[in-house]
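Got a minute to go through why things are labelled the way they are here? Have a look first, then we'll talk.

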Amino acid sequence: MLVALAGQFLAACGQNTPDLLDFALRSLNFQVSSKSPQWRQAPENGIPNMVCAGPQAVTTDCCSPPPPAQPIDCQQYPVACDPIDNFCALTFDVETGVDVDLVADVADVAAVDGRVFAEVSLLELTTTVDGLAALPLREASLFVGPKGLGSSSSPDARLLAPVSLTTGTKSVVPDAQAQQAFSRFARDYRAPFSLLLSAHVVVPNGSSPAGSVTVGVAGRVRALY
């Protein structure tokens with residue numbers, strides 16, 4: 001009993017034991033930019049300034065507004081009804097990924113290279129957002145997947161946690177499904193994997209945003225042998 005309590009005390013203090021390794025992921029920066037190839041432009045005639053939902057709706061289809069407005073090719077210009085204010089808006093996602101190599105990035109993991117991780121837990125994710133006023137980001141989420149993950153819609157992508165789009169540093173503990181997904185990749189620590197940020201952008205009529213938003217991500221991890 002005393003040995004068990006001592007082990008728990010050491011773990012709580014962030015010290016490692018023969019059966020446990022606590023370490024920090026390297027800090028990662030994800031940039032959402034209006035210069036990204038994924039950034040979408042408004043139609044030549046602009047985004048329809050029309051109510052598209054509710055009792056005051058002029059149209060329910062922003063791609064086919066009533067005359068004299070011209071139809072919009074929404075495959076090229078992703079215009080849709082914004083459920084927040086019921087006006088037509090340009091809506092799309094910008095996604096950017098960063099590869100993670102635990103052996104190369106984390107000295108503590110490199111020091112135990114050769115041992116087998118039975119379980120890996122993502123104790124905490126910490127996010128910091130800079131430049132938020134530059135772009136109209138509606139929401140953002142962080143995903144995990146195999147190395148080179150390019151899209152959150154990939155069947156191999158798994159949601160880790162939502163990202164708080166507020167100033168200051170925010171912390172979140174991933175839920176059970178996210179823990180399982182992270183452990184799946186991190187247990188095989190010799191194989192690099194990816195973290196991917198997916199940001200949902202909503203550009204209203206009359207707006208031409210430009211600039212970039214940087215999301216910094218850090219994490220604390222516990223591995224059991």
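Q: Which residues does Gln179 touch, not counting residues up to four places away in sequence?

A: Val120, Ser121, Leu122, Val173 and Pro174. Contact here means heavy atoms within 4.5 Å. One caveat up front: this is a predicted model, where local features need pLDDT of at least 70 and side-chain atom pairs count only at pLDDT 80 or more, while totals for chains, interfaces and linings use all residues. Also, numbering starts from 1 along each chain as its sequence is written, and side-chain values use heavy atoms, with hydrogens and water left out.

Q: Why is Gln179 called buried?

A: Buried means under 20% relative accessible area, exposed means over 50%, and partly exposed is in between (1.4 Å probe, protein chains only). Gln179 comes in at 17%, so it counts as buried. You'll find it in helix 4 (residues 176–186); helices (H or I, at least four residues) and strands (E, at least two) are DSSP runs, numbered from the N terminus.

Q: What does the side chain of Gln179 reach?

A: The backbone oxygen of Leu122, at 2.6 Å. For a polar contact you want a pair of N or O atoms within 3.5 Å; within protein, one must be able to donate a hydrogen and the other to accept it, and residues adjacent in sequence count only if both atoms are side-chain atoms.

Q: What is the order of the strands in the open sheet?

A: The 5 strands go 3-4-9-6-7, with antiparallel pairing. Two strands pair if DSSP finds at least two bridges between them.

Q: What makes strand 3 (79–81) and strand 7 (158–163) the edge strands?

A: Each of them pairs on one side only.

Q: How many bridges join strand 9 to strand 4 (residues 88–100), and how many to strand 6?

A: Strand 4 and strand 9 share 12 bridges, and strand 6 and strand 9 share 9. Set against the cut-off of at least two bridges, both count as pairs. On the strand 4 side, Asp99 has Ser194 as its bridge partner; on the strand 6 side, Val144 stands opposite Leu195.

Q: Why is strand 9 (residues 193–204) described as largely enclosed by the rest of the structure?

A: Because 10 of its 12 residues are buried.

Q: Is Pro204, in strand 9, buried or partly exposed?

A: Its relative accessibility is 35%, so Pro204 counts as partly exposed. Leaving aside neighbours within four places in sequence, Pro204 is in contact with Ile47 and Ala89.
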